[in-house]
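Got the viewer open and a hand on the selection box? Load the model, set it to cartoon, and follow the stops below.

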Amino acid sequence: MTNHIYKNGFARIPNFIVDSDLSIFQKQALIVLLRFADSNMTCYPSIAMIAKRMGVAEPTARKALKELSQMTIITIQHRSGEQGNTSNLYTIHLHNLMPNGVSDSEVESIVTGKQIGRAHV
């Protein structure tokens, strides 16, 4: 019998995000970006998709993303294609959220569960 909780996947949310001083909207935005992020910690969901996954209106999602960018937790690269604007490219810098200056690769190992060298971070 298939466990329905895991049928559509799940996301690992590091405790340092949950325990951080970020607002609830900032945490939600960051978690949504993490769900879409690739191994380079980049993703490009639309504002509409981010807002939908956060359960908020688009202006609330935009504000949370702008605040995360101002805190250097994410960078936002505005992109445009042949037909005009396209979704932004987001790069996540979780090490800027951690108190001890942990590297991006160490943070990635926390999020993905991969090991670095001999010790698991």
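Start with the whole chain and its contact map: of the contacts between residues at least 6 apart in sequence, 47% link residues that are at least 24 apart. Keep in mind throughout that this is a predicted model.

**The overall layout**

Colour by secondary structure and you should get 5 helices and 5 strands. Reading from the N terminus, the order is α-α-β-α-α-β-β-β-β-α. Switch on a surface next: the accessible area comes to about 8000 Å², and carbon and sulfur atoms account for 49% of it. The chain has 121 residues, of which 35% count as buried.

**Stop 1: Phe 16 in H1**

Select residues 15-18, which make up helix H1, and pick out Phe 16 there. Is Phe 16 buried or exposed? Its relative accessible area is 18%, so it falls under the 20% cut-off for buried. Now draw a distance from its C-alpha to that of Leu 94: the two are 78 residues apart in sequence, yet the gap in space is 9.6 Å.

**Stop 2: Lys 27 in H2**

Move along to helix H2 and click on Lys 27. Here is a lysine that counts as buried, with 16% relative accessibility. What does Lys 27 touch, once residues up to four places away in sequence are set aside? Show Ile 17, Val 18, Ser 20 and Leu 22 as sticks and you have the answer. For a longer jump along the chain, add Ala 64: it sits 37 residues from Lys 27 in sequence, with 8.5 Å between the C-alpha atoms.

**Stop 3: where H2 crosses H3**

Stay with H2 (residues 24-36) and add H3 (residues 47-54) to the selection. At what angle do the two axes cross? Roughly 115°, and they come within 9 Å of each other. The crossing is right-handed. To see the residues involved, show side chains for Phe 25, Gln 28, Ala 29, Val 32, Leu 33, Arg 35 and Phe 36 on the H2 side, and for Met 49, Ile 50, Arg 53 and Met 54 on the H3 side. Colour that set by class and you get 8 nonpolar residues, 1 polar and 2 charged.

**Stop 4: Met 41, then Cys 43**

Step into the loop between H2 and S1 and select Met 41. Check its backbone torsions: phi is near 60°, a positive value in a residue that isn't glycine. Met 41 is also buried, at 10% relative accessibility.

Next, go to strand S1 (residues 42-43) and take Cys 43. How accessible is Cys 43? Just 2% in relative terms, which counts as buried. Beyond its neighbours within four places in sequence, Cys 43 is in contact with Leu 33, Phe 36 and Ala 37, and also with Asn 88, Leu 89 and Tyr 90. Leu 33 and Phe 36 should still be on screen, since both were in the H2 set that meets H3. One more distance to draw: the C-alpha atoms of Cys 43 and Thr 91 are 6.7 Å apart, for 48 residues of separation along the chain.

**Stop 5: the salt bridges of H4**

How many salt bridges does a search of the whole structure find? The count is 2. Select helix H4, residues 58-70, and begin with Arg 62 and Glu 58. Their closest N and O atoms are 3.3 Å apart. The pair is spaced 4 residues apart in the helix, about one turn. Both ends are partly exposed: Arg 62 has 43% relative accessibility, and Glu 58 has 34%.

Now select Lys 63 and Glu 67, whose side chains meet in a salt bridge with an N to O distance of 3.4 Å. This pair also lies in H4, again 4 residues apart, about one turn of the helix. Lys 63 counts as exposed because its relative accessible area is 54%, and the cut-off for exposed is over 50%.

**Last stop: Thr 72**

Leave H4 for the loop that leads to strand S2 (74-77), and select Thr 72. Look at phi once more: the value is positive, about 60°, although Thr 72 is not a glycine. As for accessibility, Thr 72 is partly exposed at 42%, whereas Met 41, with its own positive phi, was buried.

Technical notes:
Residues are numbered from 1 along each chain as its sequence is written. This is a predicted model: local features need pLDDT of at least 70, side-chain atom pairs count only at pLDDT 80 or more; totals for chains, interfaces and linings use all residues. Side-chain values use heavy atoms; hydrogens and water are left out. A salt bridge is a side-chain nitrogen of Lys or Arg within 4 Å of a carboxyl oxygen of Asp or Glu. Helices (H or I, at least four residues) and strands (E, at least two) are DSSP runs, numbered from the N terminus. Buried means under 20% relative accessible area, exposed over 50%, partly exposed in between (1.4 Å probe, protein chains only). Contact means heavy atoms within 4.5 Å. Accessible areas come from the Shrake-Rupley method with a 1.4 Å probe; for residues, only the protein chains shown count as cover. Axes are lines fitted to C-alpha atoms, for helices over the stretch in contact, and angles run from 0 to 180 degrees between N-to-C directions. A crossing is left-handed if the near helix is turned anticlockwise from the far one by less than a right angle, and right-handed if clockwise. Ala, Val, Leu, Ile, Met, Phe, Trp, Tyr, Cys and Pro count as nonpolar, Asp, Glu, Lys and Arg as charged, and the others, Gly among them, as polar.
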